[in-house]
Amino acid sequence: MTQTLTLTRPDDWHLHLRDGDVLAAVLPDSARRFARAIVMPNLRPPVTTLAQALAYRESILAALPEGLKFEPLMTLYLTDNSSADEIERAKASGFVHAVKLYPAGATTNSDSGVSAIEKVYPVLERMEKIGLPLLLHGEVTHADVDIFDRERVFIDRVLAPLTARFAGLRTVFEHITTREAAQFVSEAREGVAATVTAHHLLMNRNAILVGGIRPHHYCLPVLKRETHRQALIDAVCSGSPRFFLGTDSAPHLRSNKETACGCAGCYTSHAAIELYAEAFDAAGALDKLEAFASFNGPDWYGLPRNRDTITLVRKTVNIPEILPCLPGDPLVPLRAGGTLAWSLEGV
Ligand SMILES: NC(=O)N[C@@H](CC(=O)O)C(=O)O
Ligand SMILES: [Zn+2]
Ligand SMILES: [Zn+2]
């Protein structure tokens, strides 16, 4: 049995860092594991301009403790009113690596998202031309579509037509959760990829509902049934370069999770690469982890692979019940009070 695993340092291609006190609380967890991350722009207010993205980048770098290195790769939040020229300026800055499309109302802080895809066609055309990737929260929001079907319906109604219409637009289907999504990406045209979270590789929807309701397992897209989890495992272990690591670690204060109407999002940055190792190990595919975590993402984004390494050791470690954040209002990490099968050397 493999006891230690040395990997090229990984990157996180889908991360929520928030701002203010939450940013300061969560950033070290990511920076200890990952060299870089694609930072999601769904702040309040959303990051819609180059100036906002640069200011946000500065605040992330300012929140980084001494001795830790980390490169935030910034994104812009697409709205019905986004300007193609602003997006071109953002790409030219070298600091903005993608544009994120949230269907309006689909998820946390998506109220300013896109209300109808046609509204952003001019911007998508420009992105296609200049080679700036589009990142998608892939769920429809129509009230008549069951929450467990929202990703699958998004493929038929939005993603398939979009990737056909903009045949050169580089597109990431973020945090995929279904067999249909894995299959779509595997068979899609060149330039279409997907991120997969650790929690969607490790849990199915029973984890939200069996034996009591578990708000810390509630995220969007919501966990699906076991056959879908298995399809995601098959996809990431297939060796296809189209699938790469994106934690979608999405911190919310405990008071906003443990309440009558709790926020969507799982906090996983405290143990991100360890959790992925567990998922790949359980599938007998530890040898596929490095490409998924450390090669496929930078290759797809056209960035250099990292040169340093991290080492994981097979050793049971405890996960704290809470991570301090605001006075009296901590974060509750995934698997709080439980254990991890792999630990990161030097942390
Ligand atoms: N994944 C989630 O459940 N929540 C994310 C938003 C998102 O990525 O959809 C968040 O910002 O909290
Ligand atoms: Zn999302
Ligand atoms: Zn997300």
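In what follows, contact means heavy atoms within 4.5 Å. The structure is a predicted model, and the description begins with its parallel sheet and the helices laid against the strands.

Helix α5, residues 150–165, lies across β6 (134–136), β7 (171–173) and β8, and runs at about 175° to β7. Helix α2, residues 50–62, lies across another set of strands, namely β3 (36–39), β4 (71–77) and β5 (96–101), and its direction makes an angle of about 150° with β4. These strands belong to an open sheet of eight, in which the pairing is parallel and the order is β2-β3-β4-β5-β6-β7-β8-β9. The edges are occupied by β2 (12–15) and β9 (243–245); each has a single partner strand, so one side of each is left without a neighbour in the sheet. From one strand to the next, the twist averages 30°.

At the β9 edge, the partner is β8, residues 192–196, and three bridges join the two strands in the parallel sense. One point of reference in this pairing is Thr195, whose bridge partner in β9 is Phe244.

Several helices gather around this part of the chain. In helix α9, residues 226–236, the buried positions are His228, Arg229, Ala231, Leu232, Ile233, Ala235 and Val236. The elements that cover them include the strands β8 and β9, together with the helices α6 (179–187), α7 (198–202), α11 (272–282) and α12.

A residue of α6 shows one such contact in detail. Ala182 lies in helix α6 and has a relative accessible area of 5%; because buried means under 20%, Ala182 counts as buried. Beyond its neighbours up to four places away in sequence, Ala182 touches Ile176, Ala231, Ala235 and Phe243. Of these, Ala231 and Ala235 are among the buried residues of α9. Ala182 can also be placed relative to Val196: the two are 14 residues apart in sequence, and their C-alpha atoms are 9.5 Å apart in space.

The helices α11 and α12 form a further pair. Two packed helices are described by the angle between their axes and the distance between the axes. For α11 and α12, the axes come within 9 Å and cross at roughly 145°. On the α11 side, the contact is made by Ile273, Tyr276, Ala277 and Phe280, which meet Leu289, Phe292 and Ala293 of α12. The residues of this contact comprise seven nonpolar, no polar and no charged.

Helix α12 itself, residues 289–301, has 13 residues and spans 18 Å from its first C-alpha to its last, close to the expected 18 Å. The helix nevertheless bends by about 40° at Phe295, and a proline, Pro298, follows within four residues. Because 10 of its 13 residues are buried, α12 is largely enclosed by the rest of the structure. Among those buried residues are Phe295, Pro298, Trp300 and Tyr301. Just after the helix, Gly302 adopts a positive phi of about 75°.

Antiparallel pairing appears in a further set of strands. Strand β1, residues 4–8, pairs with β10, residues 309–318, over five bridges in the antiparallel sense. Within that pairing, Thr4 has Val313 of β10 as its bridge partner. Strand β10 is also joined by five bridges to β13, residues 339–344, and these two strands run antiparallel. Here the bridge partner of Val317 is Leu340 in β13.

Technical notes
Residues are numbered from 1 along each chain as its sequence is written. Chains are lettered from A and ligands numbered from 1 in the order in which they are written. This is a predicted model: local features need pLDDT of at least 70, side-chain atom pairs count only at pLDDT 80 or more; totals for chains, interfaces and linings use all residues. Side-chain values use heavy atoms; hydrogens and water are left out. Two strands pair if DSSP finds at least two bridges between them. Axes are lines fitted to C-alpha atoms, for helices over the stretch in contact, and angles run from 0 to 180 degrees between N-to-C directions. The expected span of a helix is 1.5 Å times one less than its number of residues. The bend at a residue is the angle between axes fitted to the seven residues ending there and the seven starting there. Buried means under 20% relative accessible area, exposed over 50%, partly exposed in between (1.4 Å probe, protein chains only). Ala, Val, Leu, Ile, Met, Phe, Trp, Tyr, Cys and Pro count as nonpolar, Asp, Glu, Lys and Arg as charged, and the others, Gly among them, as polar.
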